[in-house]
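Here is a short set of questions and answers for a first look. Keep the structure open as you read.

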Amino acid sequence: MTEAFNRFDEDSHRLDADAFAACYQQFSGGVRAALRARLRSEADVDDCMSRVFEKLWQHGPSVHPAARGAWLMVVARREAAMSWRTQKRVDAALEGLQTQFEEMSDGDQSPVEGMLKAETIEKLKQAASELPADQREVLRRRFSDGLSFREIAQELDIPLGTALTRLHTALKRLRKLLNES
């Protein structure tokens with residue numbers, strides 16, 4: 001296993017598949033546990049795991065094989081912090097949406113209507129918190145910040161189609177989560 005652990009493809013400057021598999025097998029459990037300790041949802045943990053091991057795939061050869069475990073934990077900590085910050089921005093955006101929604105009401109609603117509206121907002125917040133961080137971020141930027149898809153794609157440094165797909169997937173998932181509750 002150590003031979004596979006140390007190999008990388010000279011042509012592509014990426015870790016070869018065997019070395020990547022060996023690192024994943026050895027370190028994925030610890031990385032997942034560290035992410036679970038820092039993140040609220042399993043979807044966020046899965047997203048961060050993907051980003052951490054994507055970085056290993058891309059940058060693994062530049063990291064000494066003996067240091068890869070520690071390097072992965074540093075990358076995991078950074079990814080968890082980024083995910084946490086994104087979630088805080090989404091929470092703040094949802095609070096802003098709630099405030100806007102409350103301001104739009106004409107004040108002539110009955111107490112029952114007010115309770116139903118507050119319950120709907122709470123369900124929407126809960127459902128949004130279960131979305132993966134990348135989908136929440138596109139959702140926030142589109143509906144709270146009012147950005148165009150082109151602006152979202154530029155700010156997140158992703159293709160325009162990816163921004164569109166993430167929002168479509170987020171809305172589809174929100175619809176499903178809200179229908180289940």
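The questions below go through cores, ring pairs and helix packing in this predicted model.

Q: Which helix gives the most residues to the largest nonpolar core?
A: The core has 17 residues, and Val31, Leu35, Val52, Phe53 and Leu72 are those with the most contacts inside it. Two or more residues come from each of helix H2 (17–38), helix H3 (42–59) and helix H4 (68–104). The most, six residues, come from H3.

Q: Which residues does leucine 35 touch, leaving out residues up to four places away in sequence?
A: Leu35 is among the residues with the most contacts inside the largest core. With those sequence neighbours left out, its partners are Val45, Cys48, Met49, Ala76 and Ala80.

Q: How many residues make up the other core, the one with Leu94 and Leu131?
A: This core lies apart from the largest one. Ala153 and Leu174 are also among its members. Its count is 16 residues.

Q: How are the rings of phenylalanine 20 and phenylalanine 53 arranged?
A: A search of the whole structure finds four aromatic pairs. In this pair the ring centres are 6.2 Å apart. The planes meet at 90°, and over 60 counts as edge-to-face. So the pair is edge-to-face.

Q: How many residues apart in sequence are the parts tied together by phenylalanine 20 and phenylalanine 53?
A: Phenylalanine 20 lies in helix H2, and phenylalanine 53 lies in helix H3. The pair therefore ties together parts separated in sequence by 33 residues.

Q: Is phenylalanine 53 buried or exposed?
A: Its relative accessible area is 4%. Buried means under 20%. So phenylalanine 53 is buried.

Q: What kind of pair do tyrosine 24 and phenylalanine 53 form?
A: Tyrosine 24 is in helix H2 and phenylalanine 53 is in helix H3, 29 residues apart. Their ring centres are 4.7 Å apart. The planes stand at 65°, so the pair is edge-to-face.

Q: Which residues do ring pairs link into a cluster?
A: Phenylalanine 53 pairs with phenylalanine 20. Tyrosine 24 pairs with phenylalanine 53 too. The cluster is Phe20, Tyr24, Phe53 and Trp57.

Q: How do H6 and H7 lie relative to each other?
A: Helix H6 (residues 133–143) and helix H7 (residues 149–156) have axes 10 Å apart, at an angle of about 135°. Glu137, Val138, Arg141 and Arg142 in H6 meet Phe149, Ile152, Glu155 and Leu156 in H7. Their crossing is right-handed. By their angle, H6 and H7 are therefore oblique.

Conventions
Residues numbered from 1 in each chain as written. Predicted model: local features only at pLDDT ≥ 70, side-chain atom pairs only at ≥ 80, totals over all residues. Heavy atoms only, no water. Core = buried A, V, L, I, M, F, W, Y, C linked by side-chain atoms within 4.5 Å. Buried < 20%, exposed > 50% of the residue type's maximum accessible area, 1.4 Å probe, protein only. Helix = DSSP H or I, 4+ residues; strand = E, 2+ residues; numbered from the N terminus. Contact = heavy atoms within 4.5 Å. Phe/Tyr/Trp six-rings, centres within 6.5 Å; stacked < 30°, edge-to-face > 60°. Axes fitted to C-alpha atoms, helices over the stretch in contact; angles between N-to-C directions. Parallel < 35°, antiparallel > 145°, perpendicular 65-115°, else oblique. Left-handed = near helix turned anticlockwise from the far one by under 90°.
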